[in-house]
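Q: Got a minute to look at a model with me? I'd like to go through its pockets and its ligand.
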Amino acid sequence: MRFHSTRNAGETATLSEALARGIAPDGGLYVPDEFPSFTVADFDGLDGIAAVAPKFLAPLFAGDPLASQLPAIVAEAFDFPVPLKALPVSGDASVLELFHGPTAAFKDFGARFLAACMARIPRATDRTLTILVATSGDTGGAVAAAFHDRPGIEVVVLFPRGLVSPRQELQLTCWGGNVRSLSVAGTFDDCQRLVKAAFADPELAAHRELSSANSINIGRLLPQACYYVAASLQGFRRTGKKVNFIVPSGNLGNVLAAVWARKMGLPIGELVITFNANRTVPDFLETGVWEPRPSVATLASAMDVGNPSNMERLRYLHPVHDDITAAVRADSVSDEAIRARITHDRTALGETWCPHTACAAETYDRLSAADKVKGPWVLVGTAHPAKFPETVEPLVGHTVPVPDSLARLLELPRSVTEVPATLEALAAVLR
Ligand SMILES: *Cc1c(COP(=O)(O)O)cnc(C)c1O
(Lines give C-alpha, C1' and ligand atoms only; values in the text may rest on other atoms or scores of the structure.)
Protein backbone atom coordinates (compact mmCIF):
# COMPACT_ATOMS: atom_id res chain seq x y z
CA MET A 1 0.00 0.00 0.00
CA ARG A 2 1.15 3.51 -0.78
CA PHE A 3 -0.11 6.76 0.66
CA HIS A 4 -0.56 10.15 -0.96
CA SER A 5 -1.10 13.77 0.01
CA THR A 6 -4.59 15.26 0.19
CA ARG A 7 -3.18 18.14 -1.88
CA ASN A 8 -1.60 16.15 -4.69
CA ALA A 9 -2.26 12.50 -5.52
CA GLY A 10 1.19 12.36 -7.14
CA GLU A 11 2.94 13.20 -3.86
CA THR A 12 3.25 9.65 -2.55
CA ALA A 13 5.03 7.80 0.23
CA THR A 14 5.43 4.37 1.73
CA LEU A 15 3.84 3.87 5.13
CA SER A 16 7.21 4.23 6.88
CA GLU A 17 7.88 7.48 5.02
CA ALA A 18 4.43 8.83 5.84
CA LEU A 19 4.91 7.96 9.52
CA ALA A 20 8.36 9.48 9.70
CA ARG A 21 7.36 12.70 7.88
CA GLY A 22 4.09 13.27 9.69
CA ILE A 23 2.96 15.82 7.12
CA ALA A 24 3.44 15.58 3.34
CA PRO A 25 6.10 17.88 1.82
CA ASP A 26 3.35 19.94 0.13
CA GLY A 27 1.62 20.57 3.46
CA GLY A 28 -1.13 18.00 2.81
CA LEU A 29 -2.09 15.04 4.96
CA TYR A 30 -1.38 11.45 3.99
CA VAL A 31 -4.26 9.14 3.04
CA PRO A 32 -4.10 5.57 1.71
CA ASP A 33 -4.07 5.21 -2.10
CA GLU A 34 -7.01 2.87 -1.73
CA PHE A 35 -9.12 1.63 1.15
CA PRO A 36 -8.90 -2.11 1.77
CA SER A 37 -12.27 -3.83 1.97
CA PHE A 38 -13.37 -6.20 4.73
CA THR A 39 -16.46 -8.21 5.64
CA VAL A 40 -17.47 -9.12 9.19
CA ALA A 41 -16.65 -12.76 8.41
CA ASP A 42 -13.00 -11.80 7.81
CA PHE A 43 -12.75 -11.31 11.57
CA ASP A 44 -14.41 -14.59 12.62
CA GLY A 45 -12.73 -15.93 15.75
CA LEU A 46 -10.99 -12.60 16.45
CA ASP A 47 -12.12 -10.62 19.45
CA GLY A 48 -10.67 -7.50 21.08
CA ILE A 49 -8.36 -4.82 19.73
CA ALA A 50 -5.07 -6.75 19.96
CA ALA A 51 -6.60 -9.65 18.01
CA VAL A 52 -8.37 -7.68 15.26
CA ALA A 53 -5.65 -5.06 14.70
CA PRO A 54 -3.08 -7.26 12.86
CA LYS A 55 -5.80 -8.47 10.47
CA PHE A 56 -7.22 -4.99 9.88
CA LEU A 57 -3.85 -3.27 9.45
CA ALA A 58 -2.15 -5.97 7.34
CA PRO A 59 -3.23 -4.57 3.92
CA LEU A 60 -2.26 -1.05 5.00
CA PHE A 61 1.21 -2.24 6.06
CA ALA A 62 1.63 -4.53 3.01
CA GLY A 63 4.92 -3.98 1.19
CA ASP A 64 6.37 -1.75 3.91
CA PRO A 65 9.52 -2.65 5.88
CA LEU A 66 7.33 -2.53 9.01
CA ALA A 67 4.93 -5.22 7.75
CA SER A 68 6.76 -8.16 9.32
CA GLN A 69 6.85 -6.30 12.66
CA LEU A 70 3.14 -5.51 12.76
CA PRO A 71 2.28 -8.21 15.34
CA ALA A 72 5.05 -6.95 17.66
CA ILE A 73 3.96 -3.32 17.20
CA VAL A 74 0.35 -4.18 18.04
CA ALA A 75 1.36 -6.25 21.07
CA GLU A 76 3.56 -3.46 22.39
CA ALA A 77 1.08 -0.62 21.79
CA PHE A 78 -2.22 -2.22 22.83
CA ASP A 79 -1.29 -3.71 26.18
CA PHE A 80 -4.06 -2.18 28.32
CA PRO A 81 -7.79 -2.94 28.65
CA VAL A 82 -10.45 -1.33 26.39
CA PRO A 83 -13.77 -2.09 28.09
CA LEU A 84 -17.12 -1.62 26.36
CA LYS A 85 -19.53 -1.13 29.22
CA ALA A 86 -23.34 -1.21 28.94
CA LEU A 87 -25.14 1.83 30.36
CA PRO A 88 -28.46 1.76 32.25
CA VAL A 89 -30.18 4.21 29.89
CA SER A 90 -33.20 3.91 27.62
CA GLY A 91 -32.14 2.29 24.35
CA ASP A 92 -29.05 0.16 23.76
CA ALA A 93 -26.05 2.28 24.77
CA SER A 94 -22.55 1.51 26.03
CA VAL A 95 -19.47 3.52 26.78
CA LEU A 96 -16.19 2.56 25.13
CA GLU A 97 -13.59 3.42 27.76
CA LEU A 98 -10.47 4.49 25.90
CA PHE A 99 -8.75 5.88 28.98
CA HIS A 100 -6.99 2.94 30.62
CA GLY A 101 -3.58 3.59 29.07
CA PRO A 102 -0.57 5.20 30.80
CA THR A 103 -1.81 8.81 30.53
CA ALA A 104 -5.53 8.06 30.92
CA ALA A 105 -6.79 9.43 27.59
CA PHE A 106 -7.42 7.87 24.17
CA LYS A 107 -4.31 9.58 22.83
CA ASP A 108 -2.31 6.68 24.32
CA PHE A 109 -3.47 4.41 21.46
CA GLY A 110 -2.06 6.63 18.73
CA ALA A 111 1.03 7.72 20.62
CA ARG A 112 2.08 4.23 21.71
CA PHE A 113 1.47 2.77 18.26
CA LEU A 114 3.35 5.58 16.56
CA ALA A 115 6.28 5.23 18.97
CA ALA A 116 6.38 1.46 18.46
CA CYS A 117 6.50 2.05 14.68
CA MET A 118 9.04 4.89 14.73
CA ALA A 119 11.40 2.89 16.92
CA ARG A 120 11.40 0.17 14.23
CA ILE A 121 11.70 2.27 11.07
CA PRO A 122 15.21 1.83 9.66
CA ARG A 123 16.77 5.32 9.45
CA ALA A 124 19.25 6.54 6.90
CA THR A 125 21.15 8.81 9.27
CA ASP A 126 22.14 8.58 12.91
CA ARG A 127 20.86 12.12 13.51
CA THR A 128 18.42 12.46 16.37
CA LEU A 129 14.80 12.51 15.21
CA THR A 130 12.89 15.40 16.78
CA ILE A 131 9.17 14.85 17.26
CA LEU A 132 7.30 18.14 17.47
CA VAL A 133 3.89 17.99 19.04
CA ALA A 134 1.33 20.69 19.72
CA THR A 135 -1.15 19.69 22.38
CA SER A 136 -4.47 20.92 23.71
CA GLY A 137 -3.79 18.81 26.79
CA ASP A 138 -3.75 15.06 26.24
CA THR A 139 -1.70 14.42 23.10
CA GLY A 140 1.50 15.85 24.56
CA GLY A 141 1.43 13.68 27.66
CA ALA A 142 0.65 10.54 25.69
CA VAL A 143 3.39 11.23 23.15
CA ALA A 144 5.92 12.08 25.85
CA ALA A 145 5.06 8.87 27.74
CA ALA A 146 5.31 6.77 24.59
CA PHE A 147 8.65 8.20 23.40
CA HIS A 148 10.32 8.82 26.77
CA ASP A 149 13.77 7.19 26.93
CA ARG A 150 13.61 5.90 23.34
CA PRO A 151 17.13 6.15 21.90
CA GLY A 152 17.72 8.42 18.90
CA ILE A 153 14.42 10.26 19.38
CA GLU A 154 13.71 13.55 21.11
CA VAL A 155 10.28 15.06 21.81
CA VAL A 156 9.39 18.76 21.98
CA VAL A 157 5.89 19.39 23.35
CA LEU A 158 4.14 22.77 22.92
CA PHE A 159 1.14 23.48 25.12
CA PRO A 160 -0.94 26.64 25.67
CA ARG A 161 -0.01 28.17 29.02
CA GLY A 162 -2.87 28.17 31.50
CA LEU A 163 -5.25 26.43 29.08
CA VAL A 164 -4.62 22.82 30.08
CA SER A 165 -5.79 21.30 33.36
CA PRO A 166 -3.24 21.29 36.21
CA ARG A 167 -3.03 17.49 36.07
CA GLN A 168 -2.57 17.57 32.31
CA GLU A 169 0.20 20.11 32.81
CA LEU A 170 1.93 17.83 35.32
CA GLN A 171 1.78 15.04 32.74
CA LEU A 172 3.31 17.32 30.14
CA THR A 173 6.19 18.50 32.29
CA CYS A 174 7.16 15.46 34.38
CA TRP A 175 9.50 13.74 31.90
CA GLY A 176 12.88 15.37 31.46
CA GLY A 177 15.52 13.37 29.56
CA ASN A 178 14.65 13.30 25.87
CA VAL A 179 11.38 15.23 26.39
CA ARG A 180 11.26 19.04 26.42
CA SER A 181 8.06 20.85 27.38
CA LEU A 182 7.35 24.35 26.13
CA SER A 183 4.69 26.42 27.83
CA VAL A 184 3.57 28.75 25.04
CA ALA A 185 2.01 32.16 25.68
CA GLY A 186 -0.92 31.52 23.35
CA THR A 187 -3.74 29.14 22.47
CA PHE A 188 -3.66 25.60 21.10
CA ASP A 189 -4.13 27.04 17.62
CA ASP A 190 -0.95 29.09 18.13
CA CYS A 191 0.92 25.92 19.15
CA GLN A 192 -0.38 24.10 16.08
CA ARG A 193 0.58 27.06 13.87
CA LEU A 194 4.13 27.07 15.30
CA VAL A 195 4.59 23.38 14.61
CA LYS A 196 3.40 23.82 11.03
CA ALA A 197 5.69 26.85 10.61
CA ALA A 198 8.68 24.89 11.93
CA PHE A 199 8.06 22.18 9.34
CA ALA A 200 7.83 24.76 6.59
CA ASP A 201 11.09 26.47 7.63
CA PRO A 202 13.93 25.31 5.35
CA GLU A 203 16.63 26.39 7.78
CA LEU A 204 15.18 24.31 10.61
CA ALA A 205 14.63 21.36 8.31
CA ALA A 206 18.31 21.49 7.32
CA HIS A 207 19.34 21.62 10.94
CA ARG A 208 17.04 18.99 12.39
CA GLU A 209 15.22 15.90 11.30
CA LEU A 210 11.68 16.82 12.28
CA SER A 211 8.56 14.71 12.58
CA SER A 212 5.11 15.27 13.97
CA ALA A 213 3.05 13.19 16.34
CA ASN A 214 -0.13 15.20 15.97
CA SER A 215 -3.25 13.63 14.55
CA ILE A 216 -2.10 14.82 11.15
CA ASN A 217 0.24 11.80 11.42
CA ILE A 218 -1.42 8.79 9.85
CA GLY A 219 0.32 6.65 12.45
CA ARG A 220 -2.21 7.90 14.97
CA LEU A 221 -5.30 7.32 12.85
CA LEU A 222 -4.57 3.70 11.98
CA PRO A 223 -4.43 2.44 15.61
CA GLN A 224 -7.51 4.49 16.50
CA ALA A 225 -9.43 2.76 13.73
CA CYS A 226 -8.67 -0.55 15.47
CA TYR A 227 -10.85 0.15 18.50
CA TYR A 228 -13.75 1.01 16.19
CA VAL A 229 -13.16 -2.30 14.42
CA ALA A 230 -13.21 -4.25 17.69
CA ALA A 231 -16.17 -2.38 19.22
CA SER A 232 -18.31 -2.48 16.07
CA LEU A 233 -17.71 -6.23 15.68
CA GLN A 234 -18.61 -6.79 19.32
CA GLY A 235 -21.89 -4.85 18.98
CA PHE A 236 -22.73 -6.38 15.62
CA ARG A 237 -22.18 -9.93 16.85
CA ARG A 238 -24.43 -9.23 19.83
CA THR A 239 -27.29 -7.52 17.96
CA GLY A 240 -26.92 -8.23 14.24
CA LYS A 241 -27.10 -4.47 13.71
CA LYS A 242 -24.56 -1.84 12.72
CA VAL A 243 -23.13 0.07 15.64
CA ASN A 244 -23.49 3.86 15.93
CA PHE A 245 -20.88 5.99 17.66
CA ILE A 246 -20.86 9.41 19.33
CA VAL A 247 -17.34 10.84 19.30
CA PRO A 248 -16.21 13.86 21.37
CA SER A 249 -14.09 15.80 18.90
CA GLY A 250 -11.61 18.59 18.39
CA ASN A 251 -9.16 18.00 15.55
CA LEU A 252 -11.37 15.16 14.21
CA GLY A 253 -8.59 12.55 14.37
CA ASN A 254 -10.63 10.20 16.50
CA VAL A 255 -13.79 10.33 14.41
CA LEU A 256 -11.87 10.21 11.14
CA ALA A 257 -10.51 6.82 12.19
CA ALA A 258 -14.14 5.67 12.56
CA VAL A 259 -15.05 7.10 9.15
CA TRP A 260 -12.19 5.12 7.60
CA ALA A 261 -13.09 1.90 9.43
CA ARG A 262 -16.68 2.21 8.15
CA LYS A 263 -15.40 2.89 4.63
CA MET A 264 -13.38 -0.35 4.85
CA GLY A 265 -16.55 -2.34 5.49
CA LEU A 266 -16.80 -2.57 9.27
CA PRO A 267 -20.37 -2.66 10.66
CA ILE A 268 -20.51 0.99 11.68
CA GLY A 269 -23.76 2.93 11.21
CA GLU A 270 -24.14 6.55 12.17
CA LEU A 271 -21.24 8.68 13.33
CA VAL A 272 -22.26 11.65 15.45
CA ILE A 273 -19.50 14.13 16.24
CA THR A 274 -20.01 16.03 19.44
CA PHE A 275 -18.22 19.32 20.06
CA ASN A 276 -18.02 21.79 22.90
CA ALA A 277 -18.74 25.48 22.22
CA ASN A 278 -16.17 25.49 19.39
CA ARG A 279 -18.65 25.31 16.54
CA THR A 280 -16.50 25.44 13.40
CA VAL A 281 -17.61 21.99 12.22
CA PRO A 282 -21.29 22.08 13.28
CA ASP A 283 -21.63 25.45 11.55
CA PHE A 284 -19.90 24.11 8.45
CA LEU A 285 -22.24 21.12 8.26
CA GLU A 286 -25.21 23.48 8.53
CA THR A 287 -24.10 26.18 6.12
CA GLY A 288 -21.54 24.57 3.82
CA VAL A 289 -19.18 27.46 4.54
CA TRP A 290 -15.80 26.48 6.01
CA GLU A 291 -14.89 29.20 8.47
CA PRO A 292 -12.03 28.34 10.83
CA ARG A 293 -11.90 30.72 13.77
CA PRO A 294 -9.95 31.22 17.00
CA SER A 295 -10.72 28.55 19.58
CA VAL A 296 -12.66 29.46 22.72
CA ALA A 297 -11.73 28.00 26.12
CA THR A 298 -14.23 25.47 27.51
CA LEU A 299 -14.40 22.84 30.25
CA ALA A 300 -13.69 20.17 27.62
CA SER A 301 -10.35 21.83 26.89
CA ALA A 302 -8.82 19.00 24.86
CA MET A 303 -11.52 19.78 22.29
CA ASP A 304 -10.81 23.53 22.13
CA VAL A 305 -9.93 23.64 18.46
CA GLY A 306 -11.03 26.34 16.03
CA ASN A 307 -9.39 24.99 12.88
CA PRO A 308 -9.59 21.19 13.01
CA SER A 309 -6.70 19.74 11.04
CA ASN A 310 -8.34 16.48 9.99
CA MET A 311 -11.16 18.29 8.20
CA GLU A 312 -8.79 18.24 5.25
CA ARG A 313 -8.96 14.43 5.21
CA LEU A 314 -12.74 14.37 5.66
CA ARG A 315 -13.31 16.84 2.84
CA TYR A 316 -10.84 14.96 0.65
CA LEU A 317 -12.87 11.78 1.14
CA HIS A 318 -16.18 13.63 0.62
CA PRO A 319 -15.57 16.61 -1.67
CA VAL A 320 -19.31 17.20 -2.08
CA HIS A 321 -20.97 18.89 0.89
CA ASP A 322 -24.04 16.63 0.79
CA ASP A 323 -21.74 13.62 1.11
CA ILE A 324 -20.16 15.00 4.26
CA THR A 325 -23.52 15.70 5.85
CA ALA A 326 -24.59 12.16 4.94
CA ALA A 327 -21.40 10.73 6.49
CA VAL A 328 -21.47 12.51 9.84
CA ARG A 329 -23.81 14.53 12.03
CA ALA A 330 -22.67 17.08 14.60
CA ASP A 331 -23.80 18.42 17.94
CA SER A 332 -22.39 21.14 20.18
CA VAL A 333 -22.52 21.13 23.97
CA SER A 334 -22.13 24.23 26.15
CA ASP A 335 -20.16 24.30 29.40
CA GLU A 336 -23.44 24.63 31.25
CA ALA A 337 -24.77 21.45 29.63
CA ILE A 338 -21.47 19.64 30.35
CA ARG A 339 -21.77 20.52 34.04
CA ALA A 340 -25.40 19.47 34.23
CA ARG A 341 -24.70 16.19 32.46
CA ILE A 342 -21.82 15.26 34.79
CA THR A 343 -23.96 15.92 37.86
CA HIS A 344 -27.03 14.17 36.46
CA ASP A 345 -25.32 11.01 35.23
CA ARG A 346 -23.37 10.55 38.45
CA THR A 347 -26.67 9.97 40.21
CA ALA A 348 -28.76 8.56 37.37
CA LEU A 349 -26.19 6.15 35.87
CA GLY A 350 -23.52 5.87 38.56
CA GLU A 351 -21.01 7.12 35.96
CA THR A 352 -18.46 9.89 36.51
CA TRP A 353 -17.68 11.46 33.14
CA CYS A 354 -14.73 13.63 32.18
CA PRO A 355 -15.94 16.90 30.56
CA HIS A 356 -15.25 15.51 27.06
CA THR A 357 -17.07 12.22 27.52
CA ALA A 358 -19.90 14.23 29.09
CA CYS A 359 -20.46 15.84 25.67
CA ALA A 360 -21.11 12.39 24.21
CA ALA A 361 -23.47 11.52 27.06
CA GLU A 362 -25.35 14.80 26.56
CA THR A 363 -25.62 14.23 22.81
CA TYR A 364 -26.92 10.70 23.37
CA ASP A 365 -29.57 12.05 25.71
CA ARG A 366 -30.64 14.63 23.13
CA LEU A 367 -30.86 12.00 20.37
CA SER A 368 -32.71 9.64 22.67
CA ALA A 369 -35.23 12.35 23.65
CA ALA A 370 -35.81 12.97 19.93
CA ASP A 371 -36.33 9.22 19.41
CA LYS A 372 -33.32 8.99 17.09
CA VAL A 373 -31.44 6.09 18.67
CA LYS A 374 -32.40 2.84 16.96
CA GLY A 375 -29.89 -0.01 17.26
CA PRO A 376 -26.75 -0.16 19.40
CA TRP A 377 -25.01 3.11 20.31
CA VAL A 378 -21.53 3.58 21.70
CA LEU A 379 -20.46 6.71 23.56
CA VAL A 380 -16.74 7.13 23.10
CA GLY A 381 -15.12 7.81 26.50
CA THR A 382 -12.01 9.83 25.68
CA ALA A 383 -10.43 10.60 29.07
CA HIS A 384 -10.51 9.49 32.69
CA PRO A 385 -12.38 11.94 34.97
CA ALA A 386 -9.40 11.99 37.38
CA LYS A 387 -7.54 14.15 34.85
CA PHE A 388 -10.02 16.98 35.49
CA PRO A 389 -10.70 17.01 39.24
CA GLU A 390 -11.16 20.83 39.38
CA THR A 391 -14.20 20.50 37.14
CA VAL A 392 -15.56 17.10 38.01
CA GLU A 393 -15.20 16.78 41.79
CA PRO A 394 -17.39 19.77 42.79
CA LEU A 395 -20.09 18.51 40.42
CA VAL A 396 -20.18 14.95 41.72
CA GLY A 397 -19.50 15.87 45.34
CA HIS A 398 -16.59 13.51 45.99
CA THR A 399 -12.97 13.00 45.02
CA VAL A 400 -12.31 10.93 41.93
CA PRO A 401 -9.83 8.10 42.58
CA VAL A 402 -6.68 8.49 40.46
CA PRO A 403 -5.61 5.42 38.44
CA ASP A 404 -2.21 4.07 39.56
CA SER A 405 -0.37 4.78 36.32
CA LEU A 406 -1.47 8.42 36.46
CA ALA A 407 -0.68 8.77 40.15
CA ARG A 408 2.93 7.74 39.53
CA LEU A 409 3.41 10.44 36.90
CA LEU A 410 1.92 13.15 39.08
CA GLU A 411 4.66 12.64 41.67
CA LEU A 412 7.61 13.25 39.34
CA PRO A 413 9.51 16.61 39.37
CA ARG A 414 8.60 19.21 36.72
CA SER A 415 10.69 20.75 33.97
CA VAL A 416 9.28 23.33 31.60
CA THR A 417 10.45 26.27 29.44
CA GLU A 418 8.22 29.30 28.94
CA VAL A 419 8.25 30.72 25.40
CA PRO A 420 6.31 33.36 23.44
CA ALA A 421 4.15 32.15 20.55
CA THR A 422 6.71 32.91 17.83
CA LEU A 423 8.65 30.77 15.41
CA GLU A 424 11.87 32.52 16.45
CA ALA A 425 11.38 31.32 20.03
CA LEU A 426 10.69 27.75 18.91
CA ALA A 427 13.63 27.85 16.51
CA ALA A 428 15.92 29.04 19.31
CA VAL A 429 14.91 26.03 21.42
CA LEU A 430 15.46 23.67 18.48
CA ARG A 431 18.92 25.11 17.75
C1 LIG B 1 -7.84 14.95 21.95
C2 LIG B 1 -9.08 14.75 22.72
C3 LIG B 1 -10.35 14.86 22.12
C4 LIG B 1 -10.50 15.28 20.68
O5 LIG B 1 -10.01 14.32 19.79
P6 LIG B 1 -9.70 14.69 18.26
O7 LIG B 1 -9.07 13.49 17.68
O8 LIG B 1 -8.78 15.87 18.30
O9 LIG B 1 -11.00 15.04 17.62
C10 LIG B 1 -11.46 14.57 22.88
N11 LIG B 1 -11.35 14.24 24.18
C12 LIG B 1 -10.16 14.12 24.79
C13 LIG B 1 -10.12 13.75 26.23
C14 LIG B 1 -8.99 14.37 24.09
O15 LIG B 1 -7.80 14.26 24.71
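**Pockets and ligand**

A: H1 makes the biggest contribution to the lining of the second largest pocket, with four residues. Helices (H or I, at least four residues) and strands (E, at least two) are DSSP runs numbered from the N terminus.

Q: What should I know about the model itself?
A: This is a predicted model, where local features need pLDDT of at least 70, side-chain atom pairs count only at pLDDT 80 or more, and totals for chains, interfaces and linings use all residues. Residues are numbered from 1 along each chain as its sequence is written, and side-chain values use heavy atoms, with hydrogens and water left out.

Q: OK, over to the ligand. Which residues are closest to the ligand?
A: Among the 15 residues around the ligand, the closest are Lys107, Asp138, Gly250, Asn251 and Leu252. A residue counts here if one of its heavy atoms lies within 4 Å of the ligand.

Q: And which side chain has an N or O atom 2.6 Å from an oxygen atom of the ligand?
A: That's Asp138. Asn251 has a backbone N or O atom 2.8 Å from a ligand oxygen, and a side-chain N or O atom of Thr382 is 2.9 Å from a ligand nitrogen. The cut-off for a polar contact is a pair of N or O atoms within 3.5 Å.

Q: How much of the ligand's accessible area does the protein cover?
A: The protein covers 98% of the 380 Å² that the ligand has on its own, by the Shrake-Rupley method with a 1.4 Å probe.

Terms used: Polar contact = N/O pair within 3.5 Å; in protein donor to acceptor, adjacent residues only side chain to side chain.
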